[in-house]
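Trainee: Before I rely on any of the terms used for this model, I would like to go through them with you and ask what each one rests on.

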Amino acid sequence: MKLFQQKTTVHKFKSAGEFTEQYGIGKGDFILASKSIYEAYFAPQKLEAHVEYKNKYGAGEPTDVMIDALLADFRRTECRRIIAIGGGAVIDMAKILVLAGDYSTEQIFKREVPLAKERTLIAVPTTCGAGSEVSNVSITELTSIHSKLGLASDEIYADEAVLIPELLSKLPYDFFATSAIDAFIHAIESYVSPRSNLYTEMFSMEAMQMIIQGFKKIIEKGADYRMELLDEFLTASNLAGIAFGNAGTGAVHAMSYPLSGVYHVTHGEANYQFLTAVFASYQRMNPDGKLKKLNQFLGGLLDCPETEVYKQLEGILDKIISRKKLREYGMKEDEIQSFAESVEESQQRLLDQSYVKMTAAQMAEIYRQLY
Ligand SMILES: [Fe+2]
């Protein structure tokens, strides 16, 4: 049984200029970037690379249509090295560019074609959540099924992950908060995954600790204080990425996908809607397994009895972002059943990585509770 791997080399730089100089970024490089970040930190360097902005392909999280358009642009160039500068959406899209062949995004995500890596990818995250820079996963919405699908393959690992905390300093509070909560969910879900082990747990625990401590400081000192903690949050997100890259995420992520697919709720916010309800349901279904260890750990971190950890956690996270009823996002009552069924049908990879493998009926119960 494979316990752990970390294929991506991790680097940290003080500034964007230090990074581009060290890597000699220029002619022959294909940069996919978030426009505002590129203009603020990279455009002044007048790099000779081929640059495309993510918003040319569409707003929000990736779809197969967006990635197909990106593939078409990329295939018209001769570039061999790809640099992704952005949040999870940018990095997830760029991961598909490393693959050989002339295939469509749908063929690749449905694994109808062989996957072989033939180009280099450097991933530069500009949010503190996705962890995509160190995971072997790319997530896209398949427009034909209106839901998100993850492609997990070692062929799409970035070769290098480059952490530059200053790139987070223009991130609006909401994006910061939802991405940090996503990172926390990567850490907690991978901690209780059946694939977790001591190696992955160390990364999960450190990430949970750094994020909770950071949130406590932000609650105490105000939202602007996050600027003092950019390095910590970027690093914690990276650690959580390493943990879930090995052990996987589970039902929280799985259940969030129809909500973000149909109602375009951002990934971190959608995830947070399900976090405590899923864990409370795990607690009822199997209180004695790995969850006991998690609750002990969280009790220490949150300074409360083990029986109150989810309530305490909710108390902290609710101060960071708000939670809504699912109906407030536009969800309809008859979607309680159809969402649960679509998760069972299309998210088996994540359900297999969950602490308890839930049935459609159990998931419908959670949707109903949150509706
Ligand atoms: Fe996530």
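**Where the two domains meet**

Mentor: Let us start with a single pair in this predicted model: the side chains of Lys12 and Asp231 come together in a salt bridge, with 2.6 Å from N to O.

Trainee: Why is the pair of Lys12 and Asp231 called a salt bridge?

Mentor: The rule asks for a side-chain nitrogen of Lys or Arg within 4 Å of a carboxyl oxygen of Asp or Glu; the N to O value for Lys12 and Asp231 is 2.6 Å, so the pair qualifies. Across the interface of domain 1 and domain 2, the rule finds 1 salt bridge, while 8 residue pairs are in polar contact between these domains, counting pairs with both residues at pLDDT 80 or more.

Trainee: Which strands supply at least two residues each to the side of domain 1 that touches domain 2?

Mentor: They are strand 1 (9-12), strand 6 (137-142) and strand 7 (147-152), and strand 7 gives the largest share, 5 residues. Sorted by class, that side of domain 1 holds 14 nonpolar, 8 polar and 5 charged residues.

Trainee: How do you know that domain 1 (9-168) and domain 2 (173-370) touch, when their C-alpha centres lie 25 Å apart?

Mentor: Contact is judged between heavy atoms within 4.5 Å, not between centres, and therefore the value to consult is the residue count: 27 residues of domain 1 are in contact with 28 residues of domain 2. The area buried between the two domains is about 2200 Å², with 59% of it from carbon and sulfur atoms. In domain 1, Cys128, Lys148 and Leu168 lose the most area to domain 2, together 25% of what that side buries.

How values were computed:
Residues are numbered from 1 along each chain as its sequence is written. This is a predicted model: local features need pLDDT of at least 70, side-chain atom pairs count only at pLDDT 80 or more; totals for chains, interfaces and linings use all residues. Side-chain values use heavy atoms; hydrogens and water are left out. Buried area is the accessible area (1.4 Å probe) that two parts lose on being put together, summed over both. A polar contact is a pair of N or O atoms within 3.5 Å; within protein, one must be able to donate a hydrogen and the other to accept it, and residues adjacent in sequence count only if both atoms are side-chain atoms. Helices (H or I, at least four residues) and strands (E, at least two) are DSSP runs, numbered from the N terminus. Ala, Val, Leu, Ile, Met, Phe, Trp, Tyr, Cys and Pro count as nonpolar, Asp, Glu, Lys and Arg as charged, and the others, Gly among them, as polar.
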